Amino acid sequence: MYHYIYFHCLIHIILIFRVQATVKERNELDSKLCFHSSFAFGVATASFQIEGAWNVSGKGESIWDRYTHEHPERVFDHKNADVADGSYYKVKEDVQLLSQLGVNFYRFSISWPRILPDGLSNNVNEDGIRYYKELIEELRKNKITPVATMYHWDLPQSLQELGGWTNPIIADYFVDYARVLLDNFGDTVKVWLTFNEPLTFCENGYGGDDAPGGRSSGFEDYMCGHNVLRAHGMVYRMFDQKYRKITKGVMGITNVFPWIEPATTSREDQKAADAARQFMFGWYANPIFSQQGDYPQVMRKAVDANSKRQGFPRSRLPYFTAEEVEMIRGSFDFMGLNHYTTYLAAPGSGKISTKPSYQDDINAIITQKDEWPKSNSTWLRVVPWGFRRCLNWIKNAYNNPKILITENGVSFEAGLHDTKRVNYIDAYLRALHAAIYKDGCHVLGYTYWSLMDNFEWMRGYSERFGLYQVDYESQNLTRTPRLSAKYFSNVAKTGCLPDDYTDYTYNTD
Ligand code: PNW
């Protein structure tokens with residue numbers, strides 16, 4: 001109990017580094033949509049997507065450097081992130097953007113190969129330490145709380161040569177890397193996320209076409225997930241035992257959860273939707289956040305049965321030892337959550353091919369409704385009510401954990417007058433407000449993805465999520481605030497949604 005109250009307060013205090021003078025005490029909660037004064041607003045980026053300087057001052061090669069250099073044809077616009085937004089050279093300028101927005105915190109990620117060029121902790125790149133120290137220092141000078149992600153997909157290439165996340169030894173190397181980060185930045189960074197979206201980098205990277213291009217669905221993706229969960233648990237335990245007291249920090253992990261709604265109200269569709277939720281979100285949430293720990297039952301059963309039917313002597317989904325289940329279970333102080341969109345689920349055919357796949361294992365047909373407004377990303381339609389359902393599902397499944405929304409955002413065409421983005425953010429914040437104040441979901445803060453346009457992985461620079469537009473034709477990669485930057489800064493500074501903004505086209509209930 002003592003611990004609970006302690007962490008509850010601590011993360012609030014940490015995130016609201018600055019108590020804003022403009023925030024009135026909220027007796028207006030009912031008349032106007034305001035968030036409580038302890039609710040924090042921030043924006044996010046990731047090292048590979050913004051830094052550039054890919055081979056500068058001792059930085060090692062990452063799997064995304066290698067992949068985009070070797071396979072430009074696989075990237076939508078054939079571009080890479082050698083230069084990206086040049087943020088490596090723009091610490092002061094970028095922190096000024098944050099300061100103008102008036103956000104409480106900045107979620108950034110640390111590049112493993114910039115800190116450890118070979119992935120291993122016997123060779124620390126001092127320039128990497130210097131760079132992030134400068135960034136953190138500049139944030140603190142501007143009263144912006146740093147929230148650091150240890151791993152946002154840019155694995156050192158040298159570790160991929162050993163099999164990357166499919167090799168169990170990587171959990172030990174991740175612990176070594178985490179130790180270097182905590183030793184160097186633990187005094188100034190109080191909010192840590194071990195991983196960003198294991199589902200995405202394991203599924204797309206080892207089961208699909210993202211770097212490192214494993215294309216081994218239903219097999220290497222499960223190995224990756226298994227080792228990531230072990231690595232997360234190990235780092236959390238080290239943090240808990242050796243660093244929590246001295247650093248007074250907190251640690252979590254970010255998972256992505258698109259809401260999955262049954263295509264119809266039929267029992268079959270409901271069952272399919274539930275299984276799909278477990279395969280997408282439960283895969284990484286159940287072992288950490290559930291009371292019993294370990295993989296979700298439906299996933300365990302389905303993959304075990306399919307492996308058997310395919311003639312494998314053992315399940316393609318590895319088993320945790322009893323000690324590992326215990327180590328991973330409860331390894332969080334809060335839950336990081338990325339949410340962008342919603343899908344529909346109906347049962348699949350039940351057929352499996354001899355070649356395994358994650359899709360066969362889920363056995364669901366995943367679609368989106370034509371009438372849901374489109375964005376500039378094929379996978380992302382605007383469905384604000386899904387956000388509220390998602391939060392309620394988590395509340396019920398995992399005993400209402402403390403949640404930090406670590407990403408929510410949308411891509412639209414280039415241009416500064418981005419009313420569609422303003423609409424998206426406003427509608428999603430209304431849904432979030434309802435989840436908190438009507439449904440009692442325990443959400444501590446909201447992060448917009450992204451501070452500025454950046455290298456959108458396999459989509460190159462073709463999809464823009466930024467509050468700030470980046471001019472990739474200009475010499476100094478000029479950043480210009482969009483209308484959405486003005487909108488979001490108003491929300492961040494007042495804690496309230498403006499009521500003179502009438503163009504709400506989306507249903508949030
Ligand atoms: C995130 N989904 O990935 C990543 O964390 C960011 O690096 C990326 O730039 C951002 O999305 C925008 O694409 C996601 O299926 C992957 O709902 C999948 C989903 C959402 C976000």
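**Close-up 1. Burial of helix H6 (residues 126-141) in the predicted model.** Asp-127, Gly-128, Ile-129, Tyr-131, Tyr-132, Leu-135, Ile-136, Glu-138 and Leu-139 of H6 are buried (under 20% relative accessible area, with a 1.4 Å probe and protein chains only). Helices and strands are DSSP runs of H or I over at least four residues and of E over at least two, respectively, numbered from the N terminus. The cover over these buried residues includes helices H2 (47-50), H4 (91-101), H5 (112-115) and H8 (170-185), together with strands E2 (105-109) and E3 (145-151); contact means heavy atoms within 4.5 Å. The end C-alpha atoms of H6 are 22 Å apart, which agrees with the 22 Å expected for 16 residues at 1.5 Å a residue (1.5 Å times one less than the number of residues). Just after H6, Lys-143 takes a positive phi of about 60°.

This is a predicted model in which local features need pLDDT of at least 70 and side-chain atom pairs count only at pLDDT 80 or more, whereas totals for chains, interfaces and linings use all residues. Residues are numbered from 1 along each chain as its sequence is written, and side-chain values use heavy atoms, with hydrogens and water left out.

**Close-up 2. Packing of helix H10 (residues 220-247) with helix H11 (residues 267-289).** The axes lie 10 Å apart at an angle of about 30° (lines fitted to C-alpha atoms over the stretch in contact, with angles from 0 to 180 degrees between N-to-C directions). H10 and H11 are therefore roughly parallel (under 35 degrees). Asp-221, Tyr-222, Gly-225, Leu-229 and His-232 of H10 contact Phe-279, Trp-283, Tyr-284, Pro-287 and Ile-288 of H11.

**Close-up 3. Crossing of H11 and helix H12 (residues 297-309).** These axes come within 8 Å and cross at roughly 105°. H11 is thus roughly perpendicular to H12 (65 to 115 degrees). Ala-275, Gln-278, Phe-279 and Trp-283 in H11 meet Val-298, Met-299, Ala-302 and Val-303 in H12.

**Close-up 4. Surroundings of Ile-253 in strand E5 (residues 250-256).** Ile-253 counts as buried because its relative accessibility is 1%. Residues up to four places away in sequence aside, Ile-253 touches Leu-193, Thr-194, Phe-195, Pro-198, His-232, Ile-288, Phe-289, Phe-334, Met-335 and Gly-336.

**Close-up 5. Burial of helix H9 (residues 198-206).** Eight of the nine residues of H9 are buried, namely Pro-198, Leu-199, Thr-200, Phe-201, Cys-202, Glu-203, Gly-205 and Tyr-206.

Definitions and conventions: Angles under 35 degrees count as roughly parallel, over 145 as roughly antiparallel, 65 to 115 as roughly perpendicular and the rest as oblique. Buried means under 20% relative accessible area, exposed over 50%, partly exposed in between (1.4 Å probe, protein chains only).
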